[in-house]
Amino acid sequence: MKVKKCILIIIAFIFATAFFTYSEEDKPLQIGNSAFNHLQRSQVLFDHDGHNEKAALEDDCGTCHHVYDDDKQLITDETSEDSPCSDCHTLKKSKSNSISLRAAYHKRCRDCHFKVKKGPVLCGECHVRSKVSTVSTQKE
Ligand code: HEC
Ligand code: HEC
Ligand code: HEC
Ligand code: HEC
């Protein structure tokens, strides 16, 4: 009896580890959103590398991860991928930064999609209700 229980636990453990490893690898990046007090919309899942490959942005990290001199002058040959957007863009716009965090995402993400006429522009296309269907759309 005891041995059986033990084996069952081991089997369960193996399955759990396998599942965990699998889902970690497949999981699209979750954009840091702890700065938003409570989410009004579903979390946007962003397949970082896949997106940037499709949109030909792989050599253009600074398009999203930019650096400013004195909060004013864009420095084009430096990047800030070590900092989440929320390091510089606060919930409400401030004296040093006139772009709130939400506006930063919408201006960066949605405006490009409008401009190039590719990629999602409707609320529900980025803030997808069911996370399961987001993952499968991104894999197609
Ligand atoms: C289309 C916009 C975009 C482009 C282009 C882009 N990134 Fe990102 N990246 C993001 C966003 C959004 C996040 C999440 C930031 C946050 O949580 O505030 C992120 C996060 C990251 C992170 C942190 C990863 C993590 O798991 O927390 C790294 C490292 C990174 N990017 C590197 C790069 C590099 C290197 C390039 C260029 C090859 C690049 N990015 C190009 C949008 C972009
Ligand atoms: C190291 C600080 C820093 C980081 C990190 C940062 N920004 Fe910014 N961003 C700024 C500053 C400073 C400005 C200029 C604000 C102003 O003009 O008042 C700015 C302006 C912007 C603008 C308006 C100008 C434009 O380029 O269209 C957008 C949109 C934006 N940021 C999006 C983002 C996004 C999205 C991220 C994360 C992927 C991010 N920023 C990360 C500092 C930062
Ligand atoms: C410089 C332009 C540009 C920026 C900035 C940009 N995108 Fe995109 N995005 C595209 C293009 C182009 C496509 C269409 C790619 C294709 O399928 O050919 C796309 C497609 C998408 C898709 C559809 C699924 C996929 O991964 O292809 C999602 C979701 C998406 N973008 C989210 C975002 C988010 C979130 C951000 C901001 C963090 C962002 N995009 C910033 C150009 C951009
Ligand atoms: C191109 C993709 C895109 C589109 C289209 C888009 N958003 Fe967002 N939005 C984002 C990203 C990225 C964030 C920051 C990450 C997150 O919240 O998961 C965000 C954040 C937000 C937030 C703050 C966080 C929260 O959930 O409270 C709100 C509110 C929001 N969006 C509402 C909207 C509404 C309303 C629309 C339609 C008018 C819209 N968004 C369209 C990408 C998009």
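Helices (H or I, at least four residues) and strands (E, at least two) are DSSP runs, numbered from the N terminus. You are working with a predicted model, where local features need pLDDT of at least 70, side-chain atom pairs count only at pLDDT 80 or more, and totals for chains, interfaces and linings use all residues. Residues are numbered from 1 along each chain as its sequence is written, while chains are lettered from A and ligands numbered from 1 in the order in which they are written.

**Exercise 1.** Find how many helices and strands the protein chain has, and their order.

*Solution.* Start by counting: the chain holds 5 helices and 4 strands. Next, walk from the N terminus, and you meet them as α-β-β-α-β-β-α-α-α.

**Exercise 2.** Describe the shell around ligand 2.

*Solution.* A residue is near a molecule if its C-beta atom, placed from the backbone, lies within 6 Å of it. Around ligand 2 there are 19 residues, and Cys 85, Cys 88, Ser 98, Ala 104 and Lys 107 come nearest. Now look at the elements: strand E3 (67–69) and helix H3 (101–116) each supply at least two residues, and H3 gives the most, with 4.

**Exercise 3.** Do the same job for ligand 3.

*Solution.* Here 20 residues surround the ligand, with Ala 55, Cys 109, Cys 112, Lys 118 and Gly 119 nearest. Two or more residues come from each of helix H2 (48–54) and H3. H3 gives the most to this shell, with 5 residues.

**Exercise 4.** Work out what share of the protein chain is buried (20 or more other C-beta atoms within 10 Å of a residue's own, all placed from the backbone).

*Solution.* Take the 140 residues of the chain; 4% of them count as buried.

Methods
A residue is buried if 20 or more other C-beta atoms lie within 10 Å of its own, exposed if 12 or fewer, and partly exposed in between; C-beta atoms are placed from the backbone.
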